[in-house]
Amino acid sequence: MNSTLYLDKKIVIFDSDDWGMPGIRDIDAFQRLKAKGNSQLGQSDWDYYSLELPEDMETLYSVLNNHSDAFGFPPVFTCNFVVARPDYEKIKQSGFKEFHTLDLSQGFSGMWKNRDSLLSTYMEGITRGLVYPGYHGLCHFNYEAWLMALQNGERDVLDCFEEQVSYIPSLRTKTICYDYLANVDPAGFLPLEAQEDKIKKGIEAFKKIFGFLPVVTTAPQYVWNQDTEKVWHKYGIRYIGAGNRVAGKVPSLRHRLGERNQWGMVYLTRNVVFEPRRRRSCQDAITEIDFLFNAQQPAIIETHSINFHSSIKNFREKSLEGLDRLLYLIEKKHPEVIYLDSRQLGEILEKGYCYLRNGERMEVKTHQPNIPYLGKFYFYKKKSALKRYMRKLSNYGQIGSGSS
């Protein structure tokens with residue numbers, strides 16, 4: 001079915017990327033890299049990516065646990081995990097010709113500090129129903145291009161390697177950070193066999209870490225092709241997280257929420273952006289959620305782990321305040337809200353029901369009213385389009401006071 005499914009319940013999903021992805025370890029490594037002539041470092045928020053600390057996770061859990069939906073369950077983050085990082089010692093020993101990894105189950109020893117209990121903290125969140133793990137990728141970058149840059153002696157990549165950092169995002173957005181692309185300009189994807197090698201290794205690592213195979217995935221940068229989907233399906237993926245934008249000139253598949261591909265996999269297209277480290281993120285998100293609920297669509301909220309990091313730049317404090325505020329507004333304005341993870345939403349779109357955390361089966365009616373499809377729009381377009389439409393429909397009531 002290739003058209004949007006509209007639901008008879010108000011459902012909120014937090015679909016969040018980049019968990020477990022190592023960036024720069026700490027502020028000391030950040031300053032050393034900058035002192036080596038990488039003056040551009042810090043111009044982008046993404047340059048401040050590190051790796052979440054256990055206390056980053058614990059404070060996130062504390063906020064989530066202070067809220068509940070109509071069934072009494074707290075919000076749950078679908079955390080899409082990057083499952084491995086480069087094994088820098090083995091890569092160096094190979095002369096930068098072979099790529100070796102260490103997965104999350106092998107911990108973060110050596111130059112990484114204060115992460116000894118990180119994996120157990122992830123598991124605590126899963127046990128408490130605050131985290132559901134999805135698969136984001138093996139390492140979140142094109143390691144073939146990365147190895148070539150190291151072999152060519154490219155200074156910024158070598159500087160990063162010495163600090164056990166893969167690359168500086170603001171310097172390498174057009175060359176390295178796409179997992180399934182062979183090259184960016186002109187754009188071309190890795191052949192199916194190469195993609196399968198990556199995905200197989202990543203899925204095996206995911207099962208080793210979490211004890212089960214993933215059924216939910218989101219491609220890094222939302223860039224993938226049909227070969228990627230074919231391999232995902234082969235290894236058990238059923239639900240594909242999708243963004244509602246195209247990354248520059250890179251080819252990107254656009255899909256409506258609930259659409260299925262030729263293998264029956266369901267697309268979970270995100271329709272709310274919530275990056276609470278940024279100004280007005282909470283206000284814009286609650287406005288979007290109001291619009292979506294009025295149009296009988298679920299709110300699939302995109303957010304990234306960097307919002308909750310504190311080791312290099314403290315985004316966490318502001319972001320947790322924003323998250324707490326957003327959840328308060330959702331529950332105040334929509335007390336019938338239901339918090340689910342991405343797998344549960346996928347089951348609803350696939351089967352018409354899902355099982356809640358207490359084992360209860362929840363039926364959800366779906367239908368297709370003649371309402372404009374909203375998932376393909378960014379906020380400002382969605383807001384204008386739905387405002388025009390709502391003026392024509394008295395039966396959908398008034399937009400909540402959170403809009404502006």
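A residue counts as buried when its relative accessible area is under 20%. By that yardstick Leu-7 of this predicted model is buried, because its relative accessible area is 1%. Leu-7 is a good place to start a tour of the fold. This residue belongs to strand β1, which covers residues 6-7. Beyond its neighbours within four places in sequence, Leu-7 is in contact with Gln-296, Pro-298, Leu-345, Ile-348, Leu-349, Val-364, Lys-365, Thr-366 and His-367. One of these partners, Pro-298, is 291 residues away in sequence, yet the two C-alpha atoms are 7.0 Å apart in space.

The wider picture can now be drawn around that residue. The protein has 404 residues, and 59% of them are buried. Its secondary structure consists of 13 helices and 17 strands. Of the contacts between residues at least 6 apart in sequence, 75% join residues at least 24 apart. The accessible surface amounts to about 16600 Å², with carbon and sulfur atoms accounting for 47%.

Aromatic side chains offer plenty to look at, with 25 aromatic pairs in the structure. In one of them, Phe-30 and Tyr-48 have ring centres 5.1 Å apart and planes at 15°; the pair is stacked because that angle is under 30 degrees. Phe-30 sits in helix α1 (residues 27-35), while Tyr-48 lies in the loop between α1 and α2 (54-65), so that 18 residues separate the two and the pair links distant parts of the chain. Both Phe-30 and Tyr-48 are buried.

A tilted pair is formed by Phe-206 and Phe-210, with 4.7 Å from centre to centre and 50° between the planes. Here both partners come from helix α8 (residues 192-210), where they are four residues apart, or about one turn of the helix. Phe-206 and Phe-210 are also both buried.

Elsewhere, ring pairs join Tyr-88, Phe-96, Phe-99, Phe-141, Tyr-143, Trp-146, Phe-161 and Tyr-167 into a cluster. One member of this cluster, Tyr-143, also has a charged partner: the charged end of Lys-198 sits over its ring, 4.7 Å from the centre. A further arrangement of this kind involves Arg-277, which lies over the face of Trp-46 at 4.9 Å from the ring centre.

Turning to open space, the second largest pocket holds about 180 Å³. Its lining comprises 13 residues, and those nearest the centre are Gly-129, Tyr-132, Asp-341, Arg-343 and Arg-357. Helix α4 (118-127), strand β6 (131-137) and helix α12 (342-351) each contribute at least two lining residues. Strand β6 gives the most, with three.

Two backbone details round off the description. His-140 is not a glycine, yet its phi is positive, at about 70°. This residue is located in the loop between β6 and α5 (143-151). His-140 is buried, because its relative accessible area of 6% falls under 20%. Gln-221, likewise not a glycine, has a positive phi of about 65°. Its place is in the loop between β9 (216-218) and α9 (226-234). With a relative accessibility of 32%, Gln-221 counts as partly exposed.

Technical notes
Residues are numbered from 1 along each chain as its sequence is written. This is a predicted model: local features need pLDDT of at least 70, side-chain atom pairs count only at pLDDT 80 or more; totals for chains, interfaces and linings use all residues. Side-chain values use heavy atoms; hydrogens and water are left out. Buried means under 20% relative accessible area, exposed over 50%, partly exposed in between (1.4 Å probe, protein chains only). Contact means heavy atoms within 4.5 Å. Accessible areas come from the Shrake-Rupley method with a 1.4 Å probe; for residues, only the protein chains shown count as cover. Rings of Phe, Tyr and Trp (its six-membered ring) pair if their centres lie within 6.5 Å; planes under 30 degrees apart count as stacked, over 60 as edge-to-face and the rest as tilted. A charge sits over a ring if NZ of Lys or CZ of Arg is within 6 Å of the ring centre and within 35 degrees of the ring normal. On a 1 Å grid over the protein atoms alone, a cavity is a set of points where a 1.4 Å probe fits but cannot get out, and a pocket is an open set with protein on both sides within 12 Å along at least five of seven lines; lining residues have an atom within 4 Å of a point. Grid points are joined across faces, edges and corners, and a volume is the space filled by probe spheres set on the points.
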